[in-house]
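The following note sets out several points on the structure shown below, for consideration alongside the coordinates.

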Amino acid sequence: MAFLLSSTPSLMTEVVVRPMNGGNGLHSYSKNSTFQRKAIEAAKELINKAIAEKLDIKIFSSSNSFKIADLGCSVGTNTLLAVQNVIDAVERKFQSQGKSTQHPEFQVFFNDQASNDFNQLFTSIPPNIPYFAAGVPGSFHRRLFPNNSLHFVHSSCAAQWLSRVPEDVLDKSSPAWNKGRVHYSNSTPQVMKAFEDQFAEDMDNFMKLRAQEIVVGGLMALILPGRLNETPHTEAYLNKAFEQVESSLIDMAKKGIIREEKIDSFNIPIYFASLQEVESAVKRNGCFSIEIMENIPHEKPQPKVMSSTLRAGLEGTIKEHFGDEILDELFDTLVCNKLEESSLITESCKSVGLFVVLKRKPNE
Ligand code: SAH
């Protein structure tokens, strides 16, 4: 642990992000995550292709066990679909090489923060799954697995969560203080830069950690909600949606339901990057080759569905700072109405996913 902290000093201030809503009730992530599921579905063929064309089965044939990790898995069932896609593709690859007699054994590590509802996840795993399942609690901004132990890392709609809110945006004396706002996209260039820098720092660290954990020749598929390279922050669909949460909180402060200082001292620790930013992080790191890199379509939900999606994802973080009395009015009324009112604007904003498959290069 001492090693980890000394090699990643800024992570001493890592914020534990509140997980998605657990259980399977009205506001749960399991009932409100079709938006994220569509990104997994959109990536399926590309993951197939990556495994068919880029995976060398020699990397695990000596032990005959193939180890997969899904980072930021949340509760089922999206993660179950994602790992099944990977397993099916590896099985097909095995068969195509005439090795159908000795199927590999699969081990799947479901990772999320310790406070994730792992019970909900585990109870949603059907019997007779073709793999050994294990839960790994902890932050992916830290080491989670032993050296050289993973063959395939998958992470979908999770690495946009930063390790922390950049310090300057909460500092009253800084030019990057994000006064009166909770998100960066409509804010000053200094605030945007602080979030961009935090994402770059987190990605550098993420790549460094995964480079230690993934075997040479192993693959990592990352899906991130993001924006097109040339799209300014303000024109990305998810930023527009987050701006509706921000403007709803501002309305609540104007009405005296929450205090204005509460807004000044809160920022959502999320950043929507472009492929260019992810590519730069991969290149700075140097341990991975880029095998596939493209934007994938990410369908925009109806306003009501989007407000429930936002609630399932942000409720924990908002509740911790503002209390739980405001949640129904905030999401079910204000955010929902604002998404409806702004639907013409959001209609013109692009919603995209970032998709990359990386391969761990041999050590130099
Ligand atoms: N991959 C799933 C869930 C995405 S929701 C899907 O596609 O549906 C994002 C998940 O990332 C949440 O469950 C959240 O708790 C998790 N997450 C955010 N920051 C994390 C971190 N630092 N370490 C591990 N998990 C994290």
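1. The model is predicted. Within it, the buried residues of helix H4 pack against helices H2 (34-54), H3 (58-61) and H5 (118-123), and also against strands S1 (65-71), S2 (105-112) and S4 (150-156).

2. Helix H4 itself covers residues 78-96, 19 in number. From its first C-alpha to its last it reaches 27 Å, close to the 27 Å expected at 1.5 Å a residue. Its buried residues include Asn 78, Leu 80, Val 83, Ile 87, Val 90, Lys 93 and Phe 94. Gly 98, which follows H4, has a positive phi near 70 degrees.

3. The largest nonpolar core holds 73 residues, of which Met 220, Leu 249, Leu 310, Leu 314 and Ile 318 touch the most other members. Helix H6 (residues 189-213) gives the most to this core, with nine residues. A second, separate core has 35 residues, among them Leu 46, Leu 55, Phe 94 and Leu 121.

4. With neighbours within four places in sequence left aside, Leu 310 is in contact with Ala 241, Phe 242, Val 245, Glu 315, Phe 331, Val 335 and Leu 339.

5. Arg 227 merits separate inspection. This residue lies in the loop between strand S5 (214-226) and helix H7 (237-254). Arg 227 is classed as buried because its relative accessible area, 8%, is under 20%. Its side chain reaches the backbone oxygen of Thr 231 at 3.1 Å. Beyond its neighbours within four places in sequence, the contacts of Arg 227 include Pro 232, His 233, Tyr 271, Phe 272, Glu 277, Asn 295 and Leu 354.

How values were computed
Residues numbered from 1 in each chain as written. Predicted model: local features only at pLDDT ≥ 70, side-chain atom pairs only at ≥ 80, totals over all residues. Heavy atoms only, no water. Helix = DSSP H or I, 4+ residues; strand = E, 2+ residues; numbered from the N terminus. Buried < 20%, exposed > 50% of the residue type's maximum accessible area, 1.4 Å probe, protein only. Polar contact = N/O pair within 3.5 Å; in protein donor to acceptor, adjacent residues only side chain to side chain. Contact = heavy atoms within 4.5 Å. Expected span 1.5 Å × (residues − 1). Core = buried A, V, L, I, M, F, W, Y, C linked by side-chain atoms within 4.5 Å.
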